[in-house]
Amino acid sequence: MFSRLVKPQTVAGIAKNAQNFSTSGQNNVKVAVMGASGGIGQPLSLLLKNSPLVTELSLYDIVHTPGVAADLSHINTNSKVRASNGPEQLKDSLKGMEVVIIPAGVPRKPGMTRDDLFNTNASIVRDLAQACAEVCPKALIGIISNPVNSTVPIASEVFQKAGVYDPNRIFGVTTLDIVRANAFIGEAKGLNPTQVNIPVIGGHSGVTIIPLISQAKPSVDFPKDQLKALTERIQEAGTEVVKAKAGAGSATLSMAFAGARFAFSLCRAIMGESNIVECSYVRSNVTEAKYFSTPILLGPNGVQKNLGLGNLSPYEQDLLKAAIPELKKNIQKGEDFVNKK
Ligand SMILES: NC(=O)c1ccc[n+]([C@@H]2O[C@H](COP(=O)([O-])OP(=O)(O)OC[C@H]3O[C@@H](n4cnc5c(N)ncnc54)[C@H](O)[C@@H]3O)[C@@H](O)[C@H]2O)c1
Ligand SMILES: O=C(O)C[C@H](O)C(=O)O
């Protein structure tokens with residue numbers, strides 16, 4: 001049902017389609033990248049700079065932002081680039097922003113789980129969310145920083161405390177899981193991966209990542225053992241990259257691609273385009289977990305409609321059962337971090 005709405009998209013295709021499109025009268029969006037000098041931040045900012053959807057690109061980091069911004073500003077596309085460096089310029093970087101994408105924080109090294117990043121990244125996301133709540137509370141916020149299962153509840157609690165919480169505006173960016181599922185299934189079936197769409201629901205770590213291969217477009221069939229192997233590869237794909245990078249960080253280029261796809265979808269929704277659907281980890285009442293990723297119909301104010309789980313195969317129902325306790329624990333940890341004392 002919902003998967004009929006989900007059109008396969010590429011970053012170039014999204015930007016091209018959007019070139020002359022606006023039903024709201026608005027034909028451009030102001031986007032901030034928080035953590036813009038990092039492994040994800042730089043290529044993500046490049047993709048955003050390359051898009052006609054973005055008119056203002058605000059780059060914030062605690063180091064090196066002037067250099068990244070000077071470099072990008074020489075590209076002859078329509079957007080203006082501005083740099084903000086260090087906490088004293090944080091609030092300034094968020095003024096007037098409509099979309100804020102947050103890839104700030106440390107990445108994993110081999111042997112670490114995403115939850116091992118909590119101690120460092122929780123306070124980074126908390127402080128950036130606090131600034132967003134003060135300066136651009138109506139922005140649509142996409143959180144990439146890990147552990148996403150906990151950082152989204154952290155940002156949400158910060159907004160709640162500030163009295164400006166709108167659950168429709170805070171998103172955990174899980175798009176890389178969908179991008180990977182499309183790539184792996186396309187490869188396994190000899191399909192053009194840009195034409196494959198696999199919804200991935202749940203959260204963004206290990207067993208909480210639930211690919212819904214039974215809902216693939218076009219539909220695909222696998223023997224049980226291959227289905228299990230593919231599912232586990234999608235669940236562990238982040239670790240595959242961490243191991244291959246051997247201490248030099250985690251996925252950056254594929255994440256920039258996925259982050260740009262998600263940011264462009266937010267921009268297109270803000271501009272009034274209809275039928276924009278992305279899976280994202282949001283406040284949810286679809287399952288027992290308070291936050292859960294499902295396909296979301298996006299509108300100018302963020303979540304327009306949660307499209308829910310659709311029909312799960314018995315195998316996917318078991319994956320869901322395994323995910324819920326871990327998700328609940330991750331969510332509680334995030335909430336407790338903000339509400340401690
Ligand atoms: N959601 C996903 O699918 C996904 C995918 C890949 C990576 N990640 C996560 O994204 C995060 C960033 O990864 P990376 O490879 O870009 O790391 P990186 O270390 O290369 O870059 C992180 C950047 O954040 C900056 N930073 C640190 N503290 C900051 C603060 N308080 N305010 C602003 N910027 C700050 C750093 O200066 C650095 O430039 C990690 O937590 C990683 O686990 C998530
Ligand atoms: O695996 C990681 O630590 C980074 C990211 O969450 C990913 O899925 O690649």
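Domain bounds in this account come from an automatic or database domain assignment. In the predicted model described here, the protein chain is divided in this way into domain 1, residues 29-173, and domain 2, residues 175-331. Both domains give residues to the shell around ligand 1, so ligand 1 lies between them.

It helps to look at how the two domains meet. Their C-alpha centres lie 21 Å apart, and 37 residues of domain 1 are in contact with 37 residues of domain 2. On the side of domain 1 that touches domain 2, at least two residues each are supplied by E1, H2, E4, strand E5 (140-143), helix H6 (148-161) and E6. Helix H6 gives the most to this side, with six residues. Sorted by class, the residues on this side of domain 1 are 23 nonpolar, eight polar and six charged. For residues 174-338, the UniProt record, an unreviewed entry, carries the annotation "domain: Lactate/malate dehydrogenase C-terminal". Over that stretch the chain is 48% helix and 17% strand, and the C-alpha atoms at its ends are 23 Å apart.

Next come the two ligands. Around ligand 1 there are 33 residues, and Gly-35, Gly-38, Gly-39, Ala-104 and Asn-146 come nearest. Strand E2 (54-61) and helix H5 (118-135) each supply at least two residues of this shell, with H5 giving the most, three residues. The class make-up of the shell around ligand 1 is 18 nonpolar, 13 polar and two charged residues.

Which residues are around ligand 2? They are Pro-107, Arg-108, Arg-114, Asn-146, Leu-176, His-204, Gly-238, Thr-239, Val-241, Val-242, Ser-250 and Ala-251. Helix H9 (residues 237-245) provides the largest share of this shell, four residues. Domain 1 and domain 2 are both represented here too, as the shell around ligand 2 draws at least three residues from each. By class, this shell divides into five nonpolar, five polar and two charged residues. Asn-146 is thus listed around ligand 2 and is also among the residues that come nearest to ligand 1.

Asn-146 has a further point of interest in its backbone. The peptide bond from Asn-146 to Pro-147 is cis, with omega near -5 degrees, and Pro-147 is found in the loop between E5 and H6. Another cis peptide bond runs from Lys-217 to Pro-218, with omega near -10 degrees. Pro-218 has its place in the loop between strand E8 (209-211) and helix H8 (224-235). Such details are worth a look because most peptide bonds are trans, and most residues other than glycine have a negative phi.

Positive phi values turn up in two loops. His-64, which is not a glycine, has a positive phi of about 65 degrees and lies in the loop between E2 and H3. His-64 counts as partly exposed because there are 16 C-beta neighbours inside 10 Å. Ala-246, in the loop between H9 and H10, has a phi near 50 degrees. With 9 C-beta neighbours inside 10 Å, Ala-246 counts as exposed.

Two helices of domain 1 show how burial can be arranged around an axis. In helix H2 (residues 41-49), the residues Gly-41, Gln-42, Leu-44, Ser-45, Leu-48 and Lys-49 are buried. These buried residues are on the same side of H2, because they cover an arc of only 165 degrees around the axis. They pack against strand E1 (29-34), E2, helix H3 (65-73), strand E3 (80-85), strand E4 (99-102) and helix H10 (253-270).

In helix H3, the buried residues are Thr-65, Val-68, Ala-69 and Leu-72. Seen down the axis of H3, they fall within an arc of 95 degrees, so they line one face of the helix. Gly-67 and Ala-70, on the other side of H3, are exposed. The elements covering the buried residues of H3 include H2, E2 and E3.

A last residue to consider is Ile-170, found in strand E6 (residues 170-172). Is Ile-170 buried or exposed? Ile-170 is buried, because 28 other C-beta atoms lie within 10 Å, where 20 or more are needed. Leaving aside neighbours within four places in sequence, Ile-170 is in contact with Ile-141, Val-152, Ala-155, Ser-156 and Phe-159. The C-alpha atoms of Ile-170 and Lys-290 are separated by 13 Å, with these positions 120 residues apart along the chain.

How values were computed
Residues are numbered from 1 along each chain as its sequence is written. Chains are lettered from A and ligands numbered from 1 in the order in which they are written. This is a predicted model: local features need pLDDT of at least 70, side-chain atom pairs count only at pLDDT 80 or more; totals for chains, interfaces and linings use all residues. A residue is buried if 20 or more other C-beta atoms lie within 10 Å of its own, exposed if 12 or fewer, and partly exposed in between; C-beta atoms are placed from the backbone. Two residues are in contact if their C-beta atoms, placed from the backbone, lie within 7 Å. A residue is near a molecule or strand if its C-beta atom, placed from the backbone, lies within 6 Å of it. Ala, Val, Leu, Ile, Met, Phe, Trp, Tyr, Cys and Pro count as nonpolar, Asp, Glu, Lys and Arg as charged, and the others, Gly among them, as polar. UniProt positions are given in the numbering used here, feature names are shortened, and annotations may be inferred rather than shown by experiment. The arc is that of the directions from the helix axis to the C-beta atoms.
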